[in-house]
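User: I am new to this structure and would like to understand the reasoning behind the words used to describe it. Could you take me through it step by step?

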Amino acid sequence: MDKSEQVQQTPLYDEHVAAGGRMVEFAGFELPVQYTGLGEEHEAVRTRAGLFDVSHMGEIAIRGPGAFDFVQLVSCNNHTKMVAGRAQYTGLMLPEATFVDDVLVHKMAEDDYLLVVNAANRHKDFAYLTDLARDREGVEVIDLSDDFAQMALQGPLAQEVLQALTPSDLGAIKYYRFVNGGVAGVPAIIARTGYTGEDGFELYVAPAAAPAVWRAILAEGRPKGVRPAGLGARDTLRFEAGMCLYGHEIDDTTTPLEAGLGWIVNLDKSDFIGRDILQLQAEEGVDRRLVGLEMVDRGIARHGYAVFDDAEAEAPVGVVTSGTQSPTLGKALAMAYLPSETADIGREVFVQVRSRAVRARVVELPFYSRKKK
């Protein structure tokens with residue numbers, strides 16, 4: 001069996017099993033979908049904090065004197081103003097202006113960038129970047145995924161809990177910034193990033209050190225109501241915050257402008273892969289858009305469900321990308337692609353839920369935004 005096809009365990013596997021985590025296969029890894037329950041874990045992150053194992057994510061380094069120009073070529077965002085210690089969200093682009101993947105770019109130093117990529121895309125991303133760099137001088141592409149374990153501490157108490165375990169001044173780390181510091185005596189990259197819609201930190205440590213850091217965070221946080229959280233809560237949290245998930249809202253058939261991610265597209269920088277198509281879409285508009293849906297009738301829209309503009313229509317006009325009962329808002333919500341002319345806020349559409357045409361209303365994204373301090 002190819003290495004990319006084997007089900008792997010993260011360095012925190014034993015911690016999950018000991019805590020009663022219900023393990024499932026996800027992106028080639030055994031990970032906890034939940035511990036005590038999705039709703040409880042979701043609520044903990046929104047009101048206190050939750051700790052996630054995200055060691056399945058991949059890390060790819062781009063290094064060398066040509067690293068900056070190469071990152072600019074493959075990314076739709078503009079990294080000109082990045083200094084060491086900053087991170088940016090962007091898309092790795094195909095010539096069709098669709099996504100190879102959505103990634104976080106960290107500038108570690110001059111000529112040194114660390115890309116954090118989706119676990120399911122790690123090998124594909126590495127092959128794509130390696131192929132593009134093959135004939136370019138001064139660019140080295142290195143898969144460092146096995147050198148890192150990654151944890152995410154997310155929620156309003158994340159800074160308070162983590163500060164007790166690190167000498168780094170967390171208050172000085174602004175959003176999408178990071179430092180090389182330490183947590184519980186272990187060297188760590190501490191980044192103020194996350195995928196839940198809450199304040200929090202993502203921590204990168206050596207795999208062998210991960211269990212000690214995990215236990216230290218939970219020991220410090222448990223008296224304050226912090227708990228470990230699984231994949232189920234991670235998905236409902238990102239969904240409420242309107243964050244795209246590769247394979248659902250974005251993939252190699254969707255462009256950033258269709259997905260409402262125009263803010264990561266910079267058409268003013270020098271040429272990059274897919275730029276011409278994005279320029280045309282920016283000028284002429286897109287044929288379809290990602291929208292939020294609130295179910296009017298009873299029923300939950302799920303990934304892949306068809307959307308119609310009329311209850312009697314035979315042909316669907318769109319498709320649901322993600323949907324669930326929102327734990328925070330207590331409503332059945334979904335994200336879907338609709339034709340631009342059908343995507344106005346307040347427009348009524350119908351989702352095929354099993355054999356029923358269920359009414360839904362187009363609403364703004366994101367569904368949930370935390371209150372800023």
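Analyst: Helices and strands here are DSSP runs, numbered from the N terminus, and a strand needs at least two residues. With that in hand, Phe52 can be placed in strand β4, which covers residues 50–53. Please keep in mind throughout that this is a predicted model.

User: What makes Phe52 count as buried or exposed?

Analyst: The relative accessible area decides, and buried means under 20%. Phe52 has a relative accessibility of 2%, so Phe52 counts as buried.

User: Which residues does Phe52 touch, leaving aside those up to four places away in sequence?

Analyst: Its contacts include Val45, Gln150, Met151, Ala152 and Gln154, and also Thr196, Trp214 and Leu237. In addition, the C-alpha atom of Phe52 is separated by 6.5 Å from that of Leu153, although the two residues are 101 apart along the chain.

User: Trp214 was among those contacts. Which residues of helix α6 are buried?

Analyst: Trp214 is one of them, and the others in α6 are Ala210, Pro211, Val213, Ile217, Leu218 and Gly221. They cover an arc of only 165° around the axis, and therefore they lie on the same side of α6.

User: How do you know that the length of helix α6 agrees with its number of residues?

Analyst: The expected span is 1.5 Å times one less than the number of residues. For the twelve residues of α6, 210–221, this gives 16 Å, and because the end C-alpha atoms are also 16 Å apart, the two values agree.

User: Why is the pair Cys76 and Cys244 not called a disulfide?

Analyst: A disulfide requires two cysteine sulfur atoms within 2.5 Å. The sulfur of Cys244 is 12 Å from the closest cysteine sulfur, that of Cys76, and this is too far for a bond. A search of the whole structure finds zero disulfides. Both cysteines are nevertheless buried, Cys76 with a relative accessible area of 0% and Cys244 with one of 7%.

User: What makes Asp112 and Arg63 a salt bridge?

Analyst: The cut-off is 4 Å between a side-chain nitrogen of Lys or Arg and a carboxyl oxygen of Asp or Glu. The closest N and O atoms of Asp112 and Arg63 are 3.4 Å apart, and the pair forms a salt bridge. Asp112 belongs to strand β8 (residues 112–117) and Arg63 to strand β5 (residues 58–63), so this pair ties together parts that are 49 residues apart in sequence. Asp112 is counted as buried because its relative accessibility is 18%, whereas Arg63, at 31%, is partly exposed.

User: Where do Glu348 and Arg359 lie, and why can their pair be said to tie parts together?

Analyst: Their side chains meet in a salt bridge, with 3.5 Å from N to O. Glu348 lies in strand β19 (residues 348–353) and Arg359 in strand β20 (residues 356–363), so the pair ties together parts that are eleven residues apart in sequence. Partly exposed covers the range between 20% and 50%, and Glu348, with a relative accessible area of 33%, is in that class, as is Arg359 at 31%.

User: How many salt bridges does the structure hold?

Analyst: The structure holds 18. Among them is the one between Glu220 and Lys224, whose closest N and O atoms are 3.5 Å apart. Arg46, Glu198 and Glu240, for their part, are linked in a network of salt bridges.

Key. Residues are numbered from 1 along each chain as its sequence is written. This is a predicted model: local features need pLDDT of at least 70, side-chain atom pairs count only at pLDDT 80 or more; totals for chains, interfaces and linings use all residues. Side-chain values use heavy atoms; hydrogens and water are left out. Buried means under 20% relative accessible area, exposed over 50%, partly exposed in between (1.4 Å probe, protein chains only). Helices (H or I, at least four residues) and strands (E, at least two) are DSSP runs, numbered from the N terminus. The arc is that of the directions from the helix axis to the C-beta atoms. Contact means heavy atoms within 4.5 Å.
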